[in-house]
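I opened a new notebook page for this chain. My plan was to look things up one at a time and write down what I found.

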Amino acid sequence: MSLSVKPATPCTFPTTTRPAKHVSVRCCTLTQTAVRPLKMSLDTHQPAVKSWEHLLDPLEYDPMASLFTSRAVKLGNKWKEYLGVKNWEGLLDPLDENLRGEILRYGSFVEAAYRSFNFDSSSSSYGACRYPKSTLLARSGLHQTGYRLTRHLRATSGIRLPRWVEMAPNWVATKSSWIGYVAVCQDKEEIARLGRRDVVIALRGTATGLEWLENFRATLTPVPNADTKPTHHDDGDGDDSEPMVETGFLSLYTSGTDEVPSLQEMVREEISRLLQTYGDQPLSLTITGHSLGAALATLTAYDIKTTFKRAPMVTVMSFGGPRVGNRSFRCQLEKQGTKVLRIVNSDDLITKVPGFVLEEEDADVPKDQNVYVAGLPSWIQKRVEDTQWVYAEVGRELKLRSRSCPYLKNINVATCHDLKTYLHLVNYS
């Protein structure tokens with residue numbers, strides 16, 4: 001469905017100096033052409049969400065609840081273009097209105113993951129999902145999406161803790177926690193509008209103490225069972241090293257316990273089941289996440305394309321994601337055909353870590369010519385690489401900027417990274 005986006009009333013925007021802007025956004029399965037408010041309100045009984053990644057509210061309104069009205073628009077045969085089959089050529093600058101709508105739609109699934117997580121560290125169910133599958137989307141503010149949850153997902157830290165930590169507060173000692181979900185489009189009208197059946201994997205950002213510790217394990221480590229053959233492209237871009245990713249992200253993706261399988265095992269099991277059920281239909285796998293969830297979304301996409309040789313189109317839409325892997329990892333993603341759209345706020349420090357980035361080289365530049373790693377001359381490049389801190393950006397980038405938007409308040413490190421900020425900037429870019 002298409003949403004016409006405009007400031008709500010009452011609103012703090014200075015509408016006398018800036019006319020309302022209308023943006024097409026698809027969100028659910030309505031087919032009538034009449035405009036009506038989108039049902040996006042929060043469960044009135046749910047407590048305020050508190051997380052370390054939502055420290056300060058960057059907006060004086062809820063962008064998911066107060067800005068949207070809706071009408072139906074059909075994507076038809078162009079759906080693959082909006083999922084990156086042509087690498088979003090001609091769609092990013094200026095931002096295509098239909099792509100804007102898809103980005104906002106997938107961002108709302110991530111926001112639902114945040115709203116569904118139990119952040120109350122004093123609760124016995126801290127780190128769990130607050131809602132059952134049958135009502136999660138509706139109770140987190142997403143109504144009439146046409147999607148149905150099929151699986152809850154958990155992530156487990158691989159960090160070994162001393163026994164005394166069991167006596168520590170929940171936010172310190174919680175080893176495994178709910179991190180997101182898998183949802184499948186089941187509504188016939190929505191499937192027709194989208195042009196295919198869509199599977200969404202939505203992943204939240206950092207919440208627990210151990211997840212923060214994993215974030216700081218920033219050295220690169222080899223990807224298990226990766227294709228280590230040299231990857232070369234027609235444009236000369238290639239790398240003979242093995243694919244490597246951030247140690248902490250890989251730990252959260254692959255670690256499990258006797259009671260809780262790893263996130264990797266949960267994803268593989270659910271995708272295998274869905275491919276058996278819907279594999280003969282037009283199908284897409286869209287993996288979306290914010291911050292840590294964006295990094296895990298990239299790993300998930302890589303793993304799906306590696307595990308399932310006949311996987312359908314796999315696209316990552318990441319919000320405020322950190323760097324994930326080295327250049328060889330990026331080359332493997334491209335070789336697989338995995339599409340990644342990184343929505344980046346240039347004022348967000350999280351998107352600039354971890355490690356260094358090797359500046360892109362022209363394929364015709366001689367190998368003995370000086371290159372730079374994050375401003376460092378080539379003579380120390382080898383030493384930097386030996387520390388396993390040289391990363392590479394993946395996919396295409398949609399660059400936004402907080403400071404160019406006059407409607408944001410409290411512009412600081414926390415608010416520049418907040419998912420609400422990202423959704424607002426996409427709305428008004």
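**Entry 1: terms before looking.** I needed one definition first: helices and strands here are DSSP runs, numbered from the N terminus. I also noted that this is a predicted model.

**Entry 2: Ser 291.** I looked up where Ser 291 sits. It lies in the loop between β12 and α9 (292–307). Its phi is near 60°, a positive value in a residue other than glycine. Most residues other than glycine have a negative phi. Is Ser 291 buried or exposed? Ser 291 is buried, because its relative accessibility is 4% and the cut-off for buried is under 20%.

**Entry 3: Gln 144.** I then turned to Gln 144, which is not a glycine either and has a positive phi of about 55°. Gln 144 sits in the loop between α3 (136–139) and β5. Gln 144 is partly exposed, with a relative accessible area of 33%.

**Entry 4: cis peptide bonds.** Most peptide bonds are trans. I found a cis bond from Asp 93 to Pro 94, with omega near 5°. Pro 94 belongs to the loop between α1 (79–82) and α2 (97–116). The bond from Val 353 to Pro 354 is also cis, with omega near -5°. Pro 354 is in the loop between β14 and β15 (356–357).

**Entry 5: the sheet.** I traced the strand order next. An open sheet of 7 strands runs β5-β6-β7-β12-β13-β14-β17, with mixed pairing. Which strands are at the edges? They are β5 (147–156) and β17, and each pairs on one side only. From one strand to the next, the twist averages 15°.

**Entry 6: strand β14.** I stayed on β14, residues 339–345. How many of its residues are buried? The count is 7 of 7. I checked both faces. Lys 339, Leu 341, Ile 343 and Asn 345 are buried on one side. Val 340, Arg 342 and Val 344 are buried on the other.

**Entry 7: neighbors of β14.** Strand β13 (residues 313–319) runs parallel to β14, and 5 bridges join the two. Val 316 has Val 340 as its bridge partner in β14. Phe 319 stands opposite Ile 343 in β14. I then looked at β17 (residues 396–400), which pairs with β14 in the parallel sense over 5 bridges. There, Leu 400 of β17 stands opposite Asn 345.

**Entry 8: helices by the sheet.** I followed the chain from β13 through helix α10 (residues 327–336) to β14. These three elements make a right-handed β-α-β unit. Helix α13 (residues 419–428) lies across β12 (283–290), β13, β14 and β17. I noted its direction too: α13 runs at about 100° to β14.

**Entry 9: salt bridges.** How many salt bridges are there? The count comes to 17. I picked three to look up.

The first joins the side chains of Glu 211 and Arg 204, at 2.8 Å from N to O. Both Glu 211 and Arg 204 are buried.

The second joins Glu 270 and Arg 273, with the closest N and O atoms 2.7 Å apart. These two are 3 residues apart in helix α8 (residues 263–278), so about one helical turn separates them. Their surroundings are not alike on paper: Glu 270 is buried at 4% relative accessible area, whereas Arg 273 counts as partly exposed at 38%.

The third joins Arg 323 and Glu 393, at 3.3 Å from N to O. This pair links distant parts of the chain, 70 residues apart. Arg 323 is in the loop between β13 and α10. Glu 393 is in the loop between β16 (390–391) and β17. I looked up both accessibilities. Arg 323 is buried, with a relative accessible area of 11%. Glu 393 is partly exposed, at 24%.

**Entry 10: the network.** Which residues does the network of shared partners join? Salt bridges that share partners connect Arg 323, Arg 342, Glu 393, Glu 397 and Lys 399. I had met Arg 342 before, as one of the buried residues of β14.

Note on methods. Residues are numbered from 1 along each chain as its sequence is written. This is a predicted model: local features need pLDDT of at least 70, side-chain atom pairs count only at pLDDT 80 or more; totals for chains, interfaces and linings use all residues. Side-chain values use heavy atoms; hydrogens and water are left out. Buried means under 20% relative accessible area, exposed over 50%, partly exposed in between (1.4 Å probe, protein chains only). Helices (H or I, at least four residues) and strands (E, at least two) are DSSP runs, numbered from the N terminus. Two strands pair if DSSP finds at least two bridges between them. A crossover is right-handed if, with the strands pointing away from the viewer, the path from the first strand over the helix to the second runs clockwise. A salt bridge is a side-chain nitrogen of Lys or Arg within 4 Å of a carboxyl oxygen of Asp or Glu. Axes are lines fitted to C-alpha atoms, for helices over the stretch in contact, and angles run from 0 to 180 degrees between N-to-C directions. Contact means heavy atoms within 4.5 Å.
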